[in-house]
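The following exercises concern the contact between two chains and the packing of elements within them. Please attempt each task before reading its solution.

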Protein chains: 2
Amino acid sequence: MDGARVRIVAVGDELLEGRTSDTNSTRIQRALGRHAIRVEDIAVVHDDEAAIAAALDRTEVGDIVFVCGGLGSTRDDLTREAIAAWAKVPLVVRDDLVAEISERYRRRGIPPMPESDKQAQVPAGCVPVTNPVGSAPGLVGRLAGRRLAVLPGVPAELQALLPRVIEELDRLGALPAAREIHLWRTAQMAELAVARRTEPVRERYPDLGWSWWLVDWGVDVRISGESHQSADLDAAARAVDGLLGDTVFAREMVGLPRVVQDLLMASGQTLAVAESCTGGLLGAAITGEEGSSACYLGGVLSYANAVKVDLLAVDAGDLERHGAVSREVAEQMAAGARTRLGADHALAVTGIAGPGGGTDEKPVGTTWIALAGPGGIQSGRYRFSGDRDRNRLLAVAAALDALRRTLTDMPAFAPDALTWGRPA
Amino acid sequence: MDGARVRIVAVGDELLEGRTSDTNSTRIQRALGRHAIRVEDIAVVHDDEAAIAAALDRTEVGDIVFVCGGLGSTRDDLTREAIAAWAKVPLVVRDDLVAEISERYRRRGIPPMPESDKQAQVPAGCVPVTNPVGSAPGLVGRLAGRRLAVLPGVPAELQALLPRVIEELDRLGALPAAREIHLWRTAQMAELAVARRTEPVRERYPDLGWSWWLVDWGVDVRISGESHQSADLDAAARAVDGLLGDTVFAREMVGLPRVVQDLLMASGQTLAVAESCTGGLLGAAITGEEGSSACYLGGVLSYANAVKVDLLAVDAGDLERHGAVSREVAEQMAAGARTRLGADHALAVTGIAGPGGGTDEKPVGTTWIALAGPGGIQSGRYRFSGDRDRNRLLAVAAALDALRRTLTDMPAFAPDALTWGRPA
C-alpha cells in the first residue's frame, strides 16, 4: 500500500454559502494519523450530482477517497445517487437497513417518513457501516478502482463513524500498516520553541514521521514510525521526553481541564477560581468536562474592582497602589477565593486582554496568575501577544497548567513563563 | 458579469495534515454576500507548485479565483511563484513594497530577514493591496483570463484584507453589482421554526436571494435583491419584520453580547451574573466584548450547592426541596447576585448540561434562567436538546436574550420559550 493517497470530497451547499466551514476533513486527517498516509487534496462541492461526479473523476485509480455529506434523507441529499451513477453500479435497497431504520423510528415513537428508506440504499459493491449516533450508515467499498469511504456530514455522526470506517478500510487492505505513535501535549511553550527544542532529535531520526500542531492548550508534538522502526521510535521518544520535560501535560489525546480534574480527583482536593480579564472562561473550561462537580466548587467573577474588594477581600489600598493587574491583587484574589469558597486550591487571573487598556509599563497582554493552595501562594506574570480572544485563552491555559504543576509537585510557575506567548 | 463564478483555492500543508481546517473560504463566502455571487467549489491543496497549478488549471476562463495561503516569506511559501509560472508571467519586484517592508522591520526594531524581500514580488499583471495587519500584501489582477484575488492564509490578515480586495475586484468590473441586503439576527428560535415562519414571504418573492444560517446566538435570515428589485425587497423586508417580530435582536452583523452591552450603556445600568451549569460561559461571553467593564460588574460561579447558599443566599431548604435546577433556586440565585454585587440586573442560569445527571422529570437539557431587575424577578424554563457544549451555549444565548427583551420593555421570557432547542 506504499504511496497510496487519500483524497477527500466534502459535499454540501452549506460549505459554499458562508454558513459553515469544512471541519470534517480535519477530523479525517487526524483519524488517519496512525496510518501516516498523505492526504493529497480536498474538493468541496455543492449537493449536485454533476459536481460530485466531477470531483470523483479527478481522483485516480488506487486512491482512497473519503466522501462526506449528502447522506441525509431529503431531496437535497444526492451523494448516494451520484456515487452509484459515477461508478455505473445500481443502488441496492438493503433489507437489514430498512429494518434498522424502522426500529429507530419505533423507538422514538414517531412514524417513519417515506423518504427515510433512501438511507437503506447502498451502491452495489459497498458495505454499510452502522452509525451509532444517527440514521445514515457509512459506506465502504471498492468502486471504479478506488477504495471509497462515504460518511455523513454531521460532524458528530462522522466522528462516531470514523473509527469503524477506517477499520473497515483496513480490513479491505486499503491502508498502510498502522504506525506506532508517540504524542506529547505541551503547555506554556510557543510552537517555535517546541520545534527548536526537539530539532536535534528530529535531525537524528529524520525517517520517523514528525509533526507539530498548535492547539488550544499549547503545542502538540507527534512522532510516528513503522514497526521496523520501533527501536528508533523508542529512542527518539526517550530523547523527546527529556527535552520537553515538565512542559508535557499529557501523552494521550486529553485536554488540560481533564488532566487537572483527574489530578484533583486522585488527591480528593477541590478547586475554586477568581477571574477578572478571563471573565468566566477559566470556569467554563473546567466545567466543560463532565464530572467537574466532584472537585470544582465555583468561583467569583471579579470584573469590577468593588467585587474584588467585597467578595474576595482584596485590599482597596493595594488595588489603588498597584493596580488591578498586579502580583498583590492576583495573590489576594486567589487567597480570597480559597477562603470564601472553602477550596483546597484557588486560581486567580487578572490581566489586560486588550485591545485597549495597555500602558507602557503594563502593555496589552500583561497578565498575573496566582495560585493559593495548602502550601501557600504562588504567582507569575505573563505577557501574551495575541488578540483579546487569544490572550484570554492563553491565560486560561497558563492558569490550569500552574495548577497541574503544583498537583504534580513542581513549582506552579516555570522561571521562563515570562517568555511564553511572545511572538516566536 | 451575470453568471460569473467564484472558485477558491486554499493552499497550505497545515490544511491537509490535521492541524487546522480551512475557515478562510467561509470568510470569503460571507464577504461576497452583498454581491450574491455563487461559490462553485473549493480546492484545498499542499504548498506545492504543481498542486497549485493543477487547481488553477481546473478553473475556467471568466472565473473569479480566490487563492489563499502561501504568501509568507519562508521557503514553503510558493503561491506567488506557482501563480506566475502557471500564468506564464514574470515575478516583478516592486520598489514600493520593498520600502514598505524595510519600514515595517525598522519600526519593530529588528533587522529585515533576507527572505522577506520575497513579499515584494508580484506576478506581472497583478496589483498589490496593502495589508493593514501583516507583511504579505494581497494581490489582484487578470491573469490567463481569470480575475485573480490572492490573499494570505493567516485568518486575521485575510479578514482585514478582504474588503480591500473585493473593492479592487469590483473596480476591475469583476463582480456583479452589489445587492441590497436585509439581515435579521434572531434568538431563541430553531432554524426550522424561522424558516417556516418566513416561508410565506419567500413564496411571494421567490426571485429575491434568501438564506438562513444557524449561528452561535440563534438563526440569521438574509434576503438580497438587485437594484431593480428594491420595491420587492422593501415589501418583503416589512413582511419579515412583522413575522420575526421581537425574536430579532439585531438588523446588522453584531452579536447578542454587544447588543446587550449597548442597551445597558444607553440606560446607564449594570449587570451581574450567577452561573451554575454554564460555569462561566455567560460571563465569558459578556466580557468577550471590549468595553464591558463599563456596565458589567462580575458574578458568582455557584457550581457547588454550598456556594449557592454561602455567596448567593439561596435557601438550603429550597435547594433540598426543589433541587438545584428549579425555578426557586434560579430566582434566588439571580436575586442573590443582584444584591451581593449591587447590580441593576442579574442573570442566573442553572441546568443539566449533560451527558449525565438527567432524570425522567428533569431530563438532560432542562435549564432554568432567571433575571432579577429593578422591576422584580422573572424566570423561564428551557429544554435544550444538544450535547453538553451546545446546551451550555444555548443557555447563554437564552439568558442574554432575556436581558435584551427586558431592556427593550418586553417580557424577559417568551411564552413559547419551552419549545426552543427541541429537535426541529
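**Exercise 1: Strand pairing across the chains**

In β2(B), B:Val45 is the bridge partner of A:Asp41. The model is predicted; local features need pLDDT of at least 70, side-chain atom pairs count only at pLDDT 80 or more, and totals for chains, interfaces and linings use all residues. Residues are numbered from 1 along each chain as its sequence is written, while chains are lettered from A and ligands numbered from 1 in the order in which they are written.

Task: determine which residue of β2(B) stands opposite A:Val45, and how many bridges join β2(A) to β2 of chain B.

Solution. Step 1: A:Val45 stands opposite B:Asp41. Step 2: β2(A) and β2(B) (residues 39-45) run antiparallel and are joined by 5 bridges; two strands pair if DSSP finds at least two bridges between them. Strands (E, at least two residues) and helices (H or I, at least four) are DSSP runs numbered from the N terminus. Step 3: β2(A) and β2(B) are neighbours in the order of an open sheet of 12 strands with mixed pairing. Its edge strands are β6 (126-129) of chain A and β6 (126-129) of chain B, each pairing on one side only.

**Exercise 2: The contact and its symmetry**

Task: state how many residues each chain gives to the contact and which element gives the largest share on the side of chain A.

Solution. Step 1: chain A and chain B give 47 residues each, where contact requires C-beta atoms, placed from the backbone, within 7 Å. Step 2: β14(A) provides the largest share of the chain A side, 7 residues. Step 3: a turn of 180 degrees and a shift of 0.0 Å along the axis lay chain A on chain B with an RMSD of 0.1 Å, by least squares on C-alpha atoms of residues with pLDDT of at least 70 in both copies. That is the relation of a two-fold axis. Step 4: 100% of the contact residues of chain A recur in chain B, so the same surface serves both copies.

**Exercise 3: A helix pair in chain B**

Task: what is the angle between α10(B) and α12(B)?

Solution. Step 1: α10 (residues 305-312) and α12 (residues 327-341) of chain B pack at about 40 degrees, with their axes 9 Å apart; axes are lines fitted to C-alpha atoms, for helices over the stretch in contact, and angles run from 0 to 180 degrees between N-to-C directions. Step 2: α10(B) is therefore oblique to α12(B), since angles under 35 degrees count as roughly parallel, over 145 as roughly antiparallel, 65 to 115 as roughly perpendicular and the rest as oblique. Step 3: B:Lys308, B:Leu311 and B:Leu312 are the residues of α10(B) that meet α12(B).

Terms used: Two residues are in contact if their C-beta atoms, placed from the backbone, lie within 7 Å.
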